[in-house]
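Before reading on, please take a moment to look over the sequence and the three-dimensional picture together. The report that follows goes through the sheets, then some helices, and then a few single residues.

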Amino acid sequence: MTEFVSTQLQGGVAYLTLTRPQALNALSLDMIRAMTEALQGWENDPGVQAVVVAGAGGKAFCAGGDIRWFHQAYHANDPLLDQFFVEEYALNFLIHRYRKPYVALMDGVVMGGGMGISQGAKVRIVTDRTKMAMPETNIGLFPDVGGGWFLARTPGRIGEYLGLSGVVIGAADAIFAQLADAYLPSNVLAELVASMQARSFESGDAVLAHIADATHAHRADIVPADSNLARQAERIDTLFARPTMQDILAAVSDTEGDWAAQTAATLRSRSPLMLCVTLEQIRRARAMTLEDELRMELDMMYDVFRHGDGVEGIRALVIDKDHQPKWNPSRLDDVTPGRVRAFFDSKWRREEHPLAKLGG
């Protein structure tokens, strides 16, 4: 394994832990390769009944991809920048289609790439410390790692709201949005792992039953009344169903109350181009298979660093931290349909696409 991914096999369960806490377990290409190799090996190992994935350090499951490296790789003209996304999306697909129970312990920060390695899990457990988001529009990107696919499958128009705004949500919202399956207080999550490591499991079903017993006792800890998304769901469905990004922003701006004012301000701070691209992505994804959606995302990502706002967004928010990105264009009204459509034009013939073999 790489220095930032550790593995342990105990009692029929393979434990995969991201061990880069100083970077909130952000994913490097080496980490993606190490995870892929481990998961492929365990899938064919009769001694492995299930896989449990977690993040070390107590602050994050995984905060996403290593965006500082993205910036550096772009300026170095490093071909590994494109390769990063090819291999990351293949890993995301592997997790969604994994033949053994894959359990994600989503304690702490779970954003971007962290969602990519958890949303395909058989069981997604959140805690009182969970901070979940797809915040890509904030840095001039779009919600990738299958984000279009899983956001499009949240109730109503929550996917558009979460993908466009990049807002951070907690455990109750995650369960309401169907982006998590169960809740445990973080100290009880640690007890669950200890109890699992103290016994042996003969089957994946036995692992799932053990986890279900542990989470059942805390099922009533999270109720819809705790969820801000639940409280705003009707409003979200009305506002974020509008046909264009301009229509959505106008409707949110015209709505009274603190939530609407805050949402409008957030949307105005994002890349106008990537708001329009993200809206198109999520709406296309509703009618797509996961493999086709991931292929579409790779087409989109190819454009983001060449013709989009990704480099400038990362510079302003992460590198220089001036928080003054110069979006191109700077106004929503100046985003043309043709510019948006170009992100969805594949650069490869179908049989030559780097992800051509996904699902086939």
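## Sheets, helices and selected residues

Val-53 stands opposite Ala-104 in strand β5, and this pair is a convenient place to begin. The model is a predicted one, and every value below should be read with that in mind.

Val-53 belongs to strand β3, which spans residues 50-55 and is mostly covered, since five of its six residues are buried. On one side, strand β3 is joined by three bridges to strand β5 (residues 102-106), and the two run parallel. Strand β3 is also joined to strand β2 (residues 13-18), here by six bridges and again in the parallel sense. Within this second pairing, Thr-17 has Ala-54 of β3 as its bridge partner. Strand β2, helix α1 (residues 29-43) and strand β3 together make a β-α-β unit, and the unit is right-handed.

These strands are part of an open sheet of six, whose order is β1-β2-β3-β5-β7-β9 and whose pairing is mixed. The edges are taken by β1 (5-10) and β9 (182-183), each of which has a single partner strand, so one side of each is left without a neighbour in the sheet. Helix α1 packs on this sheet, where it touches β1, β2, β3 and β5, and its direction makes about 175° with that of β2. Towards the β9 edge, strand β7 (residues 123-126) pairs with β9 over two bridges in the parallel sense, and Ile-125 stands opposite Ala-182 in β9.

There is also an open sheet of three strands, in the order β4-β6-β8, with parallel pairing. Which strands stand at its edges? They are β4 (60-62) and β8 (131-133), and each has a single partner strand, so one side of each lacks a neighbour in the sheet. Neighbouring strands here are turned against each other by 15° on average, if direction is ignored. Strands β4 and β6 run parallel and are joined by two bridges, with Ala-60 standing opposite Val-109 in β6.

Turning to the helices, α3 (residues 80-96) has 17 residues and reaches 24 Å from its first C-alpha to its last, which is close to the 24 Å expected at 1.5 Å a residue. Helix α3 is mostly covered, with 13 of its 17 residues buried. Helix α6 (residues 158-165) is mostly covered as well, and eight of its eight residues are buried. Among these buried residues are Ile-158, Glu-160, Tyr-161 and Leu-164. What covers the buried residues of α6 includes α5 (147-151), α7 (171-176), α10, α11, α12 (258-269) and α13 (272-285). Just after helix α6 comes Gly-166, which takes a positive phi of about 70°.

Three single residues can be set side by side by how much of their area is accessible.

| Residue | Relative accessible area | Class |
|---|---|---|
| Asp-107 | 13% | buried |
| Thr-244 | 32% | partly exposed |
| Thr-278 | 0% | buried |

Asp-107 lies in the loop between β5 and β6 (109-111). Asp-107 counts as buried because its relative accessible area of 13% is under the 20% cut-off. Its side chain makes a polar contact of 2.5 Å with the side chain of Thr-127, and another polar contact, of 2.4 Å, with the side chain of Arg-129. Leaving aside neighbours within four places in sequence, the residues in contact with Asp-107 include Ala-60, Phe-61, Ser-186 and Leu-189. Ala-60 has already appeared above, as the residue opposite Val-109 in the pairing of β4 with β6.

Thr-278 is found in helix α13. What does Thr-278 touch, not counting residues up to four places away in sequence? Its contacts are Thr-137, Leu-141, Phe-142, Pro-143, Gly-163 and Leu-164. Gly-163 and Leu-164 are also listed with the buried residues of α6.

Thr-244, which is partly exposed, is placed in the loop between α10 (228-239) and α11 (245-253). Thr-244 and Arg-219 are 25 residues apart in sequence, and their C-alpha atoms are 38 Å apart in space.

Notes:
Residues are numbered from 1 along each chain as its sequence is written. This is a predicted model: local features need pLDDT of at least 70, side-chain atom pairs count only at pLDDT 80 or more; totals for chains, interfaces and linings use all residues. Side-chain values use heavy atoms; hydrogens and water are left out. Buried means under 20% relative accessible area, exposed over 50%, partly exposed in between (1.4 Å probe, protein chains only). Helices (H or I, at least four residues) and strands (E, at least two) are DSSP runs, numbered from the N terminus. Two strands pair if DSSP finds at least two bridges between them. A crossover is right-handed if, with the strands pointing away from the viewer, the path from the first strand over the helix to the second runs clockwise. A polar contact is a pair of N or O atoms within 3.5 Å; within protein, one must be able to donate a hydrogen and the other to accept it, and residues adjacent in sequence count only if both atoms are side-chain atoms. Contact means heavy atoms within 4.5 Å. The expected span of a helix is 1.5 Å times one less than its number of residues. Axes are lines fitted to C-alpha atoms, for helices over the stretch in contact, and angles run from 0 to 180 degrees between N-to-C directions.
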